[in-house]
Each structure stands twice: as C-alpha cells, then as structure tokens.
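Student: I'm new to this structure and would like a close look at how its helices pack together. Could you walk me through that part slowly, and then show me a few single residues elsewhere?

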Amino acid sequence: MFPLAVLAWAAVPTAAPAQPPSASPVAVSEIVEREISTGQTFVGTVMPVKKSIVGSAVSGRVLEFPVNEGDRVAEGQTLAQLLTETIRLEVETAKAELEIRRQELAELENGSRPEEIEQARASMESARARAEYARSTHSRMQQLFQQGRAVTREQMEETDSALVEAEQSHLSAKANYELLVAGPRKERIAQAAARVLSQRETVSRLEDQMAKHRMKAPFDGYVVAEHTEVGEWVSAGDPVAEVIALDEVDVQAHVLESHAAFVRRGMSVRVEVPALPHELFQGTVALIVPQADVRARTFPVKVRLKNRIENDEPVLKAGMLARVDLPIGSKTLALLVPKDALVLSRGSTTVYVVDPQAGNSKQGKARPVAVQVGVADGPLMQVTGDLKAGQQVVVRGNERLQPGADVIVTSVLAPDAVPSARAVGPEATLKPEAKPEE
C-alpha cells in the first residue's frame, strides 16, 4: 500500500503549461525618406461647400413647415408648403378645357364618319328626286299654261318657285355630301391644334405656379436657420429656411502674400481641428482667391476635405477652428509614413514599429514610437521621432495594439498605395486583416 502522503500528493492536479499569447495579425508599410517642402501653419475656419437661403417664389400662407434647425434634409425634400386650394381648382379647370380642345382636334383629324357620309348621300339623292319631280311638274304646267288651259299665272309662278327651291335644296345637299367626303380643311385642323397648344401652355403655367408654392431643399445638407412657421404669411422673395451642405467642407485660411505664391491647387494638406484631437484630416487645396484683403495683405485659400457623417451628424461642423499646414517652405529630407500608421491620443501621436524576430520577418513585436507630425505629401505624412527609413510600421490593426505585443505580418503595403480606410483615432475600426485578439 502507498503511504497517505503519497496518495495526497498524487491527488493534487498538475497545472497546465502556460500558453503564449496569440499574435495579432497586422498589415505594415515601410518608412520612406524623400525631399519635401517644409510646412507653414495657418489658422482657418471650417465652412460649408454650399450654402443656400431658400426663399418663396410666390406669396401665400404657410400650410406645412416640417423641418427644424439641425435636421438633415435630402435634395428635393419639402422645406415649406403654402396653401394651394385656389390654384389647384384653376389647374383642374384648365385641364378639363384642354381635354375639350384635344377632342375637338381629334374629331377634325379623324374626318367624317362613314355613317355621316351615307346619311348625307341619302339626303342628296332625296333632294335630287324632289328636284326632278319639281322639274317635271313645272314642264307640264308650262305646257298647259301655253295652251291656255286651266292654269292660271299664279299657279305657274308657284310652280316656278317650287322648282327653284327643289333645285337649290339638291345643290345644298350635294355640297354637304362632297364636304363630308373631302373632310375638314387643313386650316381648321391647324386652328384646332393651335388651340390645344395654347391650352396646354396655360396648364403648364398654372402647374408651375402651383409648384412654386412648395419650397424644396436644393441639395443634401442641414437646416441651420428657420425664417417662418406654420400659419405665417410669406411674400414673394421672403426667406423660408437656410440650408448648408457638409458632406464636404472647405477650411478657409488666410495666407500671407509672401507665402501665397507657393500655394498650388491640388496640393495635399494636413488639417488639424482642436475640437477633434483624435482626428487627423487630409485635404487638397481647392481654391486660391486671387484678391487679397488690402488691410491684412492675405489671400483666402480653401482646402477641401471629405467630411464623415455619423448618426446623421457631421463630424466637421461649420465654424470650427482648424489649423492648416501648407507645404510652402524650403526643401528638406524627411521621413514619411502612411496616414493610417498614425495613432492619435489626447496630446500625443504614436506609430507602432515592428521589430522582427531573428530569422523570421513575418513575426515580431510592436514597439510604440512617439512622433511629431509635419506636412502632408500626397497620401503620406511627415513624421519626426526615433525612426529610420526602411523600418516597417503598422497601418492596419494598430488601434488596439499594446506596447510589446506579438504581431504577425499578414501583408506588406506600398507606402504610396495604402488606402485611407479609417479615421485616425482610437474610435477607428479594425479591418479584416487586423482582427482583434480574442
């Protein structure tokens, strides 16, 4: 038998060997070194690309005003609706009159119906028979009168009158028959067509007038001001609402005349917004106003940025303070990384450098390096810090990395070809090649 101590030791479960933490998959890109222009920082203001004060084209009482300040509206969405009952009745009356004109034109264009022609032909034959009978009667009465028989002059005159009447009735019936066979004259058809066109224009004018009683959003954007309310009377030209477009924004900065000559359209620009410290924006120079403020000797420069809409709210809002870093200084050698390599936190910016294992370039450890961000050069950003050209920095999967974390490189992207697939900051989401650790 085994001693109790041995049995007690055997009953104690042995601890399983510790498993190394799994490596996080990441995508990397190399740090490049090239000659770029140094930057100059200017203070700017976020402005909407488009702004419209929507007014009323007609006078009337506001029946509906379905929007409020701050609402997001789509192009063509109703901002205000005026009363239209009176003009609606005018439109319906004009449309009914137009239908009458159309039917009149159709009747002329279709010509005479076969039944009408047959009826006219029958009337003509009947008139012809009456005329022949009257002619025969007149002939007999005339012979009797000439022979001096019992026919008075009055009877002869009556016979003459009846013959003339019968012959004229026959001519009238024949002419009516020939008109029906020939159909309406082209001049009458043209007149009827002109009446249709005139009435159609009347309907279009009234419909246009009715459409002007409805004010619509001229583009996708946000309502930033209300100028009326339900029940109020607006006159033609009165403002109803103000709408601005924020899917794209311009950051307007005033550049000194000594620097303005070096600014070019299409130039890549880095933009910082103090209200959004975890965001780093990149835009292009869209417009350089060629007229300076004569007092300050500065030229307005507009940098176009793609905005981001979250829960129907724009991240960049009109009026925000911004800082624009224009690359207009002297040339210098600089280290550049893709924008997605930057991880922003409050007060600091970091990149994760991958230190590869010996003999295995696909695995390594992530080492955070604090950097200062400079000017933009296309899709790349200038950085200064403890970095060297040729080192690999994480561009996908860096948002949730911890210092010293094990990583496995799933792909190596060319620096100039890294698409900006996320907003720089801790709120950014991981891409498929950079799944979070379980």
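Tutor: What follows starts with two helix pairs and then moves on to single residues in helices, strands and loops. Keep in mind that this is a predicted model.

Let's start with helix 3, which covers residues 114-146, and helix 4, which covers residues 153-182. Their axes are 8 Å apart, and the two helices pack at an angle of about 160°. An angle over 145 degrees counts as roughly antiparallel, so helix 3 and helix 4 are roughly antiparallel to each other. If you look at how one passes the other, the crossing is left-handed. And what sort of residues make up the contact of helix 3 with helix 4? There are 16 nonpolar ones, along with nine polar and nine charged.

Now zoom in on one residue of helix 4, Ala 173. Ala 173 counts as buried because its relative accessibility is 12%, and buried means under 20%. Leaving out residues up to four places away in sequence, Ala 173 touches Ala 120, Ser 123, Met 124 and Ala 127. Take Ser 123 from that list: 50 residues separate Ser 123 and Ala 173 in sequence, yet their C-alpha atoms are 6.2 Å apart in space.

For another residue of helix 3, try Ala 122. Ala 122 has 41% relative accessibility, so it counts as partly exposed. Here's a fun one to find on screen: Ala 122 and Gly 55 are 67 residues apart in sequence, and from C-alpha to C-alpha they are 68 Å apart in space.

On to the second helix pair. Helix 2 takes in residues 85-110, helix 5 takes in residues 186-211, and their axes come within 9 Å. The axes of helix 2 and helix 5 cross at roughly 160°, so these two helices are also roughly antiparallel to each other. Helix 2 passes helix 5 in a crossing that is left-handed. Sorted by class, the residues in the contact of helix 2 with helix 5 are 13 nonpolar, three polar and 12 charged.

That's the helices done, so let's turn to some strands. Ser 37 sits in strand 2, which spans residues 32-55. Is Ser 37 buried or exposed? With a relative accessibility of 14%, Ser 37 counts as buried. The side chain of Ser 37 is joined to the side chain of Lys 331 by a polar contact of 3.4 Å. Residues up to four places away in sequence aside, Ser 37 touches Lys 331 as well as Pro 327, Ile 328, Gly 329, Ser 330 and Val 375.

Next is Thr 350, which you'll find in strand 17, residues 348-357. Thr 350 counts as buried because its relative accessibility is 16%. What does Thr 350 contact, once its neighbours within four places in sequence are set aside? The partners are Ala 341, Leu 342, Val 343, Pro 368, Val 369, Ala 370 and Val 371.

Glu 226 belongs to strand 7, which runs over residues 221-226. At 27% relative accessibility, Glu 226 counts as partly exposed. One polar atom of the Glu 226 side chain lies 2.9 Å from the backbone nitrogen of Glu 69. Ignoring neighbours within four places in sequence, Glu 226 is in contact with Glu 69, and also with Phe 65, Val 67, Asn 68 and Val 240. Look for Leu 79 too: Leu 79 and Glu 226 are 147 residues apart along the chain, with 9.7 Å between their C-alpha atoms.

Finally, a couple of loop residues with backbone angles worth a look. Arg 297 is in the loop between strand 11 (281-288) and strand 12 (298-306). Although Arg 297 is not a glycine, its phi is positive, at about 60°. Arg 297 counts as partly exposed, with 45% relative accessibility. Asp 312 lies in the loop between strand 13 (309-310) and strand 14 (313-314). The phi of Asp 312 is near 65°, again a positive value in a residue other than glycine. With a relative accessible area of 51%, Asp 312 is exposed.

Terms used
Residues are numbered from 1 along each chain as its sequence is written. This is a predicted model: local features need pLDDT of at least 70, side-chain atom pairs count only at pLDDT 80 or more; totals for chains, interfaces and linings use all residues. Side-chain values use heavy atoms; hydrogens and water are left out. Helices (H or I, at least four residues) and strands (E, at least two) are DSSP runs, numbered from the N terminus. Buried means under 20% relative accessible area, exposed over 50%, partly exposed in between (1.4 Å probe, protein chains only). A polar contact is a pair of N or O atoms within 3.5 Å; within protein, one must be able to donate a hydrogen and the other to accept it, and residues adjacent in sequence count only if both atoms are side-chain atoms. Contact means heavy atoms within 4.5 Å. Axes are lines fitted to C-alpha atoms, for helices over the stretch in contact, and angles run from 0 to 180 degrees between N-to-C directions. Angles under 35 degrees count as roughly parallel, over 145 as roughly antiparallel, 65 to 115 as roughly perpendicular and the rest as oblique. A crossing is left-handed if the near helix is turned anticlockwise from the far one by less than a right angle, and right-handed if clockwise. Ala, Val, Leu, Ile, Met, Phe, Trp, Tyr, Cys and Pro count as nonpolar, Asp, Glu, Lys and Arg as charged, and the others, Gly among them, as polar.
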